[in-house]
Amino acid sequence: MPIVTAYEDTPGGHDALVLGAQLARLTGLTNVVATVYPTDGLGYSAMARDPRWREKIEEVARRRFGRARELIGSTGPSAPEFAPLGPGPAAVVLADHAEEVGAAVLVVGSTGGGLLGRLAPGGTVQRLLPSARCPVGIAPRGYRHTAAKGITVVTVAYDGTPEADRAAVLAVHLAGRTGAALRFVVVAGGEEEVPAATETAQKGLAQAPVEIDALYDVVIGRSVADTLADLPERTDVLVVGSRGYPLMKRLLLGGVAGVLVRTARYPVIVVPPPDR
């Protein structure tokens with residue numbers, strides 16, 4: 001059950017690399033750094049017949065992996081394994097590989113034009129999220145500069161739904177492996193909603209094993225998504241469950257999870273529905 005990081009030699013790829021290495025080191029899971037062979041306008045069948053193309057893409061992969069070694073090192077217990085993949089559409093190839101190896105989390109970088117410290121998913125990320133069958137972790141832009149040395153607080157966005165319960169399972173797993181505190185956060189729309197929100201938070205807290213340092217917070221905010229994206233208390237990673245829309249393939253184009261992926265100032269791990 002590895003941590004798989006989708007990597008290319010770009011700022012977003014470097015952000016993903018740092019988050020993936022951090023998760024692997026702190027959880028003790030295998031660190032797999034995967035890059036997808038680039039394509040050109042000739043089509044896959046034409047490229048496969050051209051030995052010059054094969055030489056070219058292998059050189060691209062070698063350069064990428066060399067840069068990755070420089071950034072995160074290649075020795076020690078969390079030394080990465082490197083996996084060249086493809087050719088093919090990056091989102092499809094990555095999702096298939098993550099499923100094949102049983103990835104605990106597939107880590108990607110934010111490649112859009114968001115401000116430093118904000119998620120701004122680019123095209124590959126937006127295409128990947130509706131198809132990935134494993135949790136997807138997204139590093140905010142600039143994470144390579146702002147990442148803490150450790151993960152001390154794992155926060156789960158909780159509202160008592162089955163989606164939130166699935167997120168809680170992963171959050172419990174991460175907290176247990178990293179030694180981090182586990183925090184259940186419920187957003188209340190106003191003071192009048194606080195009692196019900198507290199009851200919901202306590203339901204989530206009951207899922208935490210006694211050996212994990214767990215707590216809950218009820219935060220008042222008019223917008224659930226905006227509140228979760230910028231929590232006042234420390235959050236090193238936010239875990240959120242997502243509803244799927246199989247017919248539309250629009251998992252994260254709207255709703256709370258969609259806003260979080262676009263605006264959160266810390267890494268977000270999105271847990272997909274089980275029927276994907």
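The following exercises, each with a worked solution, concern a predicted model of a protein.

**Exercise 1. Overall composition and confidence**

Determine how many helices and strands the protein has, and what share of its residues is buried.

*Solution.* Step 1: the secondary structure consists of 10 helices and 10 strands. Step 2: the protein has 276 residues, of which 50% count as buried. Step 3: the accessible surface amounts to about 12,800 Å², and carbon and sulfur atoms account for 53% of that area. Step 4: when contacts between residues at least 6 apart in sequence are taken, 76% of them join residues at least 24 apart.

Step 5 turns to confidence. The average pLDDT of the protein is 81, and 81% of the residues score at least 70. Over residues 112-121 the pLDDT is below 50, and this stretch has 42 contacts in the model beyond near neighbours in sequence. Over residues 245-254 the pLDDT is likewise below 50, with 19 contacts beyond near neighbours in sequence.

**Exercise 2. The sheet**

State the order in which the 10 strands form the sheet, and identify which strands stand at the edges.

*Solution.* Step 1: the strands form an open sheet in the order 3-2-1-4-5-10-9-6-7-8, with mixed pairing. Step 2: strand 3 (81-85) and strand 8 (214-220) each have a single partner strand, so one side of each is left without a neighbour in the sheet. These two strands therefore stand at the edges. Step 3: on average, neighbouring strands of this sheet are turned by 25° against each other, direction ignored.

Step 4 examines one pairing within the sheet. Strand 6 (residues 153-157) and strand 9 (residues 237-241) run parallel and are joined by three bridges. Val154 has Val237 in strand 9 as its bridge partner.

**Exercise 3. Helices on the sheet**

Establish which strands helix 4 and helix 7 touch.

*Solution.* Step 1: helix 4 packs on the sheet and touches strand 1 (3-6), strand 2 (31-36), strand 3 and strand 4 (105-109). The direction of helix 4 makes about 150° with that of strand 2. Step 2: helix 7 (residues 162-178) also packs on the sheet, where it touches strand 6, strand 7 (181-188), strand 9 and strand 10 (268-271). The direction of helix 7 makes about 175° with that of strand 6.

Step 3 considers a residue of helix 4. Ala91 lies in this helix, which spans residues 90-101. The relative accessible area of Ala91 is 7%, so this residue is buried. Its C-alpha atom is separated by 9.2 Å from that of Val36, 55 residues apart along the chain.

**Exercise 4. Aromatic pairs**

Classify the pairs Phe65 with Phe82 and Tyr158 with Phe184 by ring geometry.

*Solution.* Step 1: a pair of aromatic rings is described by the distance of the centres and the angle of the planes. The count comes to two aromatic pairs.

Step 2: the ring centres of Phe65 and Phe82 are 4.8 Å apart and the planes stand at 45°, so the pair is tilted. Phe65 belongs to helix 3 (residues 51-72) and Phe82 to strand 3, 17 residues apart. Phe65 is buried at 7% relative accessibility, whereas Phe82 is partly exposed at 23%.

Step 3: the rings of Tyr158 and Phe184 have centres 5.7 Å apart and planes at 85°, so this pair is edge-to-face. Tyr158 is in the loop between strand 6 and helix 7, and Phe184 is in strand 7, 26 residues apart. Tyr158 is buried at a relative accessible area of 3%, and Phe184 is buried at 0% relative accessibility.

Methods:
Residues are numbered from 1 along each chain as its sequence is written. This is a predicted model: local features need pLDDT of at least 70, side-chain atom pairs count only at pLDDT 80 or more; totals for chains, interfaces and linings use all residues. Side-chain values use heavy atoms; hydrogens and water are left out. Helices (H or I, at least four residues) and strands (E, at least two) are DSSP runs, numbered from the N terminus. Buried means under 20% relative accessible area, exposed over 50%, partly exposed in between (1.4 Å probe, protein chains only). Contact means heavy atoms within 4.5 Å. Accessible areas come from the Shrake-Rupley method with a 1.4 Å probe; for residues, only the protein chains shown count as cover. pLDDT is the predictor's confidence in each residue, from 0 to 100. Two strands pair if DSSP finds at least two bridges between them. Axes are lines fitted to C-alpha atoms, for helices over the stretch in contact, and angles run from 0 to 180 degrees between N-to-C directions. Rings of Phe, Tyr and Trp (its six-membered ring) pair if their centres lie within 6.5 Å; planes under 30 degrees apart count as stacked, over 60 as edge-to-face and the rest as tilted.
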